[in-house]
Amino acid sequence: MPLRNRVTPFNEIVAVADRGLFMGNRGRLHEDRREPVRRYRVRQWITCRTEFKDRRRELMTPGEYTELFFLDEATALAAGHRPCGECRREAFTRFRAAWSRGNADGEPVALRDLDARLHAERWEGWGNYGHPRRHRAMLDELPDGAMVAIDGEALLVLGEHLHRWTPGGYASDPRPRRPAGEVELLTPPSTVAAIAAGYAPVIHPSARAA
């Protein structure tokens, strides 16, 4: 039975067998049982490598942070995470610089301010009493790597197509990126601005193969 530790672009934590390309955390979400009992504990939601310096962890160890998994970085960004400053230092540096260009006219941004902005954009309310915040955007203005929701499905923006997200990869039936119009935006707006300013998230190879 797979653990409930996989995050969807809708910011839902689900149980699926597929592991994904990235790990991450948002604090300790579980207690003694290996089951999340809260949606987040800290406001620093990060995306990590699945392997780093030969470290080994037992998933959902009591008292430790809860390991979460994502299909790819585009999924993690849609859920409101950012690159880890330790195991993904180079990506973190690029993301922070692009976020500053896209949101602060290139002025260096304090990490606490970046995290606070992301949290305000991704979550409404407090903890289990809140829910993911949604935004609206014009489809034809979104950069590659952003994710949107249409008819209840999560879709990756990539080139002239929209790729339907599934836990195991992107479906092999991409749809045209039209008609242009307003859509529900899953990726936080400030992260979209960082992508537009040059940050290229890692995308699962199934999207390129479609």
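The following exchange between a trainee and a mentor walks through a predicted model of a single chain.

Trainee: How many helices and strands are there in the chain, and what is its radius of gyration?

Mentor: The chain holds 5 helices and 15 strands. For 210 residues the globule rule gives 17 Å, and the value for this chain is close to that, so the chain is as compact as a globular protein of that length. The radius of gyration itself is 16 Å.

Trainee: What share of the contacts between residues at least 6 apart in sequence joins residues at least 24 apart?

Mentor: It helps to begin with the setting, in which 48% of the 210 residues count as buried and the accessible surface comes to about 10,300 Å². Among the contacts in the chain between residues at least 6 apart in sequence, the share that joins residues at least 24 apart is 65%.

Trainee: Why is the pair of phenylalanine 95 and tyrosine 199 called edge-to-face?

Mentor: The structure holds 4 aromatic pairs. In the pair of phenylalanine 95 and tyrosine 199 the ring centres lie 5.3 Å apart, and because planes over 60 degrees apart count as edge-to-face, the name follows from a plane angle of 90°.

Trainee: How many residues apart are phenylalanine 95 and tyrosine 199, and are they buried or exposed?

Mentor: Phenylalanine 95 belongs to helix 2 (residues 89-103), while tyrosine 199 is in the loop between helix 4 (189-196) and helix 5 (205-209). The pair therefore links distant parts of the chain, its two members being 104 residues apart. As for their accessibility, phenylalanine 95 and tyrosine 199 are both buried.

Trainee: Which residue lies over the face of tryptophan 45?

Mentor: Tryptophan 45 belongs to a cluster in which ring pairs link Tyr40, Trp45 and Trp123. Over the face of tryptophan 45, at 3.7 Å from the ring centre, lies arginine 26.

Trainee: Over the ring of which residue does the charged end of arginine 57 sit?

Mentor: The charged end of arginine 57 is placed 3.8 Å from the centre of the ring in question. That ring is the one of tyrosine 65.

Trainee: With which strands does strand 10 pair, and in what sense?

Mentor: Strand 10 (residues 147-150) pairs with strand 11 (residues 153-158) over 4 bridges, and here valine 148 stands opposite leucine 155. Strand 10 also pairs with strand 15 (residues 182-185) over 2 bridges, where alanine 149 stands opposite glutamate 184. The partners are thus strand 11 and strand 15, and the sense is antiparallel for strand 11 and for strand 15.

Trainee: Which residue takes a positive phi in the hairpin of strand 10 and strand 11?

Mentor: This hairpin has 2 residues between the strands. The residue with a positive phi, near 55°, is aspartate 151.

Trainee: Where does asparagine 11 lie, and is it buried or exposed?

Mentor: Asparagine 11 has a phi near 70°, a positive value in a residue other than glycine, and it lies in the loop between strand 1 (4-7) and strand 2 (13-15). Because its relative accessibility is 2%, asparagine 11 counts as buried.

Trainee: What is the relative accessibility of methionine 60, and where is its place?

Mentor: Methionine 60 is in the loop between strand 4 (46-48) and strand 5 (68-70), and its phi, near 55°, is positive in a residue other than glycine. Methionine 60 counts as buried, because its relative accessibility is 1%.

Key
Residues are numbered from 1 along each chain as its sequence is written. This is a predicted model: local features need pLDDT of at least 70, side-chain atom pairs count only at pLDDT 80 or more; totals for chains, interfaces and linings use all residues. Side-chain values use heavy atoms; hydrogens and water are left out. Rings of Phe, Tyr and Trp (its six-membered ring) pair if their centres lie within 6.5 Å; planes under 30 degrees apart count as stacked, over 60 as edge-to-face and the rest as tilted. Buried means under 20% relative accessible area, exposed over 50%, partly exposed in between (1.4 Å probe, protein chains only). A charge sits over a ring if NZ of Lys or CZ of Arg is within 6 Å of the ring centre and within 35 degrees of the ring normal. Two strands pair if DSSP finds at least two bridges between them. The radius of gyration is taken over C-alpha atoms; the globule rule is 2.2 Å times the number of residues to the power 0.38. Contact means heavy atoms within 4.5 Å. Accessible areas come from the Shrake-Rupley method with a 1.4 Å probe; for residues, only the protein chains shown count as cover.
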